[in-house]
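User: Please examine the structure shown below and answer a series of questions about its side chains.
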Amino acid sequence: MKKFIITLVFAFVCISSFAQTYRFRATELAVGIRNSYGTIAWGDWERCKVMLTIDFDNDYIKVYSDKEQNYVIIDTSDAYQDKSGGSNIDCTAIDEEGIECTVRLRIQRDGTAQLYAFYNDVAWVYSGLNRM
């Protein structure tokens with residue numbers, strides 16, 4: 001029993017040491033509209049200066065834009081690679097209006113990071129994320 005408790009405490013310490021908070025500054029924003037086929041038609045990139053916080057310890061994402069956006073993370077996927085070689089983590093989240101969405105942190109092969117939010121009819125992406 002003593003070995004079990006020690007192992008359990010050790011496992012908890014190891015798991016909790018991996019949880020992290022990430023802070024980024026974004027330099028570009030694009031908004032997209034989902035068409036009837038389910039694909040997203042992205043608009044042009046716009047320059048911006050926005051801070052973002054992803055806190056896996058407390059299960060939230062904050063976007064400090066003109067209107068602060070708050071998301072509560074309710075589920076997180078394992079990291080995976082997409083067809084173009086980017087690394088992704090998807091989070092099912094709920095925004096401050098109670099609407100469920102998918103938020104994706106994507107790091108491209110060249111190291112550029114992006115944060116996406118996908119809703120049923122619209123999506124946005126912040127790019128040029130620089131870790132703070």
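The exchange that follows treats a predicted model and takes up aromatic pairs, cysteines, one loop residue, the nonpolar cores and one polar contact.

User: How many aromatic pairs does a search of the whole structure find, and how is the pair of Trp42 and Tyr116 classed?

Analyst: The search of the whole structure returns 6 aromatic pairs. For Trp42 and Tyr116, the ring centres are 6.0 Å apart and the planes meet at 70°. Planes over 60 degrees apart count as edge-to-face, so this pair is edge-to-face.

User: How many residues apart are Trp42 and Tyr116?

Analyst: Trp42 belongs to strand 2 (residues 40–42), whereas Tyr116 belongs to strand 9 (residues 113–118). The pair thus links distant parts of the chain, with a separation of 74 residues.

User: Which burial class applies to Trp42, and which to Tyr116?

Analyst: Buried means under 20% relative accessible area, and exposed means over 50%. Trp42 has 35% relative accessibility and therefore counts as partly exposed. Tyr116, at 14%, counts as buried.

User: What is the angle between the planes of Trp124 and Tyr126?

Analyst: Trp124 has 11% relative accessibility and Tyr126 has 3%, so both are buried. Their rings form an edge-to-face pair with a centre to centre distance of 5.0 Å, and the angle between the planes is 65°.

User: Which residues do ring pairs link into a cluster, and which residue lies over the face of Tyr60?

Analyst: The cluster linked by ring pairs consists of Tyr22, Phe24 and Phe56. Over the face of Tyr60, at 5.8 Å from the ring centre, lies Lys62.

User: Why is there no bond between the sulfur atoms of Cys91 and Cys101, and what is the count of disulfides?

Analyst: Cys91 and Cys101 are both buried, each with a relative accessible area of 3%. The cysteine sulfur closest to that of Cys91 is in Cys101, at 9.6 Å, which is too far for a bond. A disulfide requires sulfur atoms within 2.5 Å. The count of disulfides is 0.

User: Where does Asp59 lie, and what is its phi near?

Analyst: Asp59 is in the loop between strand 3 (46–55) and strand 4 (60–64). With a relative accessible area of 37%, Asp59 is partly exposed. Its phi is positive although the residue is not glycine, and the value is near 60°.

User: How many residues has the largest nonpolar core, and which have the most contacts inside it?

Analyst: The largest nonpolar core has 24 residues. At least two residues of this core come from each of several strands, including strand 1 (21–34), strand 5 (69–76), strand 7 (87–95) and strand 8 (100–107). Those with the most contacts inside the core are Tyr71, Leu115, Trp124, Tyr126 and Leu129.

User: How many residues are in another core that lies apart from it?

Analyst: Among the members of this other core are Ala30, Tyr116, Phe118 and Val125. The core lies apart from the largest one, and its residue count is 5.

User: Which residue is joined to Ser127 by a side-chain polar contact?

Analyst: Ser127 lies in strand 10 and is buried, with a relative accessible area of 5%. Leaving aside neighbours within four places in sequence, Ser127 is in contact with residues including Ala26, Trp45 and Thr112. The polar contact, of 3.4 Å, joins the side chain of Ser127 to that of Gln114.

Notes
Residues are numbered from 1 along each chain as its sequence is written. This is a predicted model: local features need pLDDT of at least 70, side-chain atom pairs count only at pLDDT 80 or more; totals for chains, interfaces and linings use all residues. Side-chain values use heavy atoms; hydrogens and water are left out. Rings of Phe, Tyr and Trp (its six-membered ring) pair if their centres lie within 6.5 Å; planes under 30 degrees apart count as stacked, over 60 as edge-to-face and the rest as tilted. Helices (H or I, at least four residues) and strands (E, at least two) are DSSP runs, numbered from the N terminus. Buried means under 20% relative accessible area, exposed over 50%, partly exposed in between (1.4 Å probe, protein chains only). A charge sits over a ring if NZ of Lys or CZ of Arg is within 6 Å of the ring centre and within 35 degrees of the ring normal. A nonpolar core is a set of buried Ala, Val, Leu, Ile, Met, Phe, Trp, Tyr and Cys residues joined through side-chain atoms within 4.5 Å. A polar contact is a pair of N or O atoms within 3.5 Å; within protein, one must be able to donate a hydrogen and the other to accept it, and residues adjacent in sequence count only if both atoms are side-chain atoms. Contact means heavy atoms within 4.5 Å.
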